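Reader: I have a sequence and a model to look at. Can you walk me through it?
Author: Ask away, and follow along on the picture.

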Amino acid sequence: MDLRVLKYFLAVAREENITRAAQSVHITQPSLSRQIQQLEEELHTTLFHRGKQRITLTEDGLLLRRRAQELVALAEKTEAEILNKNQTLTGRIAIGSGEFKNSRFLFDAIAAFRREHPQVSLDIYSGNSDNIKEQLENGLLDLGLLMEPVEVSRYEFIRLPEQEEWTALVGAESELAARDRLTPEDLAVMPLFMTTRTLVQNELMNWFGPYADKLNIIATGNLNYNLAVMARSEQGVCINLKRDCHYEGMREIPLYPPLRSANLLVWKKSQVYPAVVTEFVKYFRQYVQEFQN
């Protein structure tokens, strides 16, 4: 498959119209139609449902769109890295991060790095640790800020000096709202809302101990704000990381015994990175050491 043809395919998928797609990539409509037909012949499948008013992706077309987006993004990223390698330290760092208190520590370090190298810019991807690992494996991210527990045998990493604290978000009118801390026994009888990540769920189940089999888990998710809103509506409890956030109508209460998790900045082993990424990793390692000292 030719990258140029993949870009044509993505244009048609985006516009859902051959004429508009041809205009957007600056070729003729017959030429674009022929390129798409040849791509379908090469893959031995039909990529589009062709209607009178619009064309839409088939199941195979949806799969190709996802892969084509990754391939085109990776090609553009590689081209930029090669063009910038012999210049003053510049380029883009593609970094993924969950919503952690430690995100502030990381981005403070990046801001300090950019004061020394103002031509450096960022691509920031937000997601949970599983999403970020997938993007790292596909070569779309250079670095990822992950939360333990996480499998890191394929990665180099720097552990951040502070830990994340788990808390419970309860409605201001809840019977639990007046408590100074909440135990597994307190929460076992409540409707619960928590992360979808299996490894983190296992950590939470260990914290609940003998109450783990009695939990009433109403919903899981990867966006904490949505879970918190639902917990308030259901008069339940959202188990979440302590953040510098305000949740209207909710009170954040520490867990007891305390439950904490560490963060790691990771990158793939045995991979050649552009100078801007390599220099930032060295800078960040020193930044962490100075903070600890």
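**Cores, helices and one phenylalanine**

Author: This is a predicted model. The largest nonpolar core has 49 residues. Those touching the most other members are Leu143, Trp166, Leu187, Val237, Phe280 and Phe284.

Reader: Which helix gives the most to this core?
Author: Look at residues 275-292. That helix puts in seven residues. The answer is helix α10.

Reader: How many residues are in the other core?
Author: Another core lies apart from the largest one. Among its members are Leu6, Tyr8, Val12 and Ala13. Its count is 21 residues.

Reader: Which residues is leucine 143 in contact with, leaving aside its neighbours within four places in sequence?
Author: Set aside the neighbours within four places in sequence. Some contacts have low numbers, including Ile93, Ala94, Ile95, Gly96 and Leu136. The others are Leu265, Val266, Trp267, Val277, Phe280 and Val281.

Reader: Is phenylalanine 105 buried or exposed?
Author: Find it in helix α5, residues 102-116. Its relative accessibility is 9%. Buried means under 20%. So phenylalanine 105 counts as buried.

Reader: What separation do the C-alpha atoms of phenylalanine 105 and proline 161 have?
Author: Along the chain, the two are 56 residues apart. Proline 161 is also among the contacts of phenylalanine 105, as are Leu160, Phe284, Tyr287, Val288 and Phe291. The C-alpha separation is 9.3 Å.

Reader: Where on helix α2 do its buried residues lie?
Author: In α2, residues 18-25, the buried ones are Ile18, Ala21 and Ala22. Seen down the axis, they fall within an arc of 100°, so they line one face of the helix. In an α-helix there are 3.6 residues a turn, so residues three or four places apart point the same way. The place asked for is one face of α2.

Reader: What covers those buried residues of α2?
Author: The cover includes two helices and a strand. The strand is β2, residues 55-57. The helices are α1, residues 3-15, and α3.

Reader: Which residue caps the N-terminal end of α2?
Author: Look for a side-chain oxygen 3.0 Å from the backbone nitrogen of threonine 19. That oxygen belongs to asparagine 17.

Reader: Which residue just after α3 takes a positive phi?
Author: Helix α3 covers residues 29-43. Its buried residues are Ser31, Leu32, Gln35, Ile36, Leu39 and Glu40. Just after α3, a phi of about 55° belongs to histidine 44.

Definitions and conventions
Residues are numbered from 1 along each chain as its sequence is written. This is a predicted model: local features need pLDDT of at least 70, side-chain atom pairs count only at pLDDT 80 or more; totals for chains, interfaces and linings use all residues. Side-chain values use heavy atoms; hydrogens and water are left out. Helices (H or I, at least four residues) and strands (E, at least two) are DSSP runs, numbered from the N terminus. The expected span of a helix is 1.5 Å times one less than its number of residues. Buried means under 20% relative accessible area, exposed over 50%, partly exposed in between (1.4 Å probe, protein chains only). Contact means heavy atoms within 4.5 Å. The arc is that of the directions from the helix axis to the C-beta atoms. A polar contact is a pair of N or O atoms within 3.5 Å; within protein, one must be able to donate a hydrogen and the other to accept it, and residues adjacent in sequence count only if both atoms are side-chain atoms. A nonpolar core is a set of buried Ala, Val, Leu, Ile, Met, Phe, Trp, Tyr and Cys residues joined through side-chain atoms within 4.5 Å.
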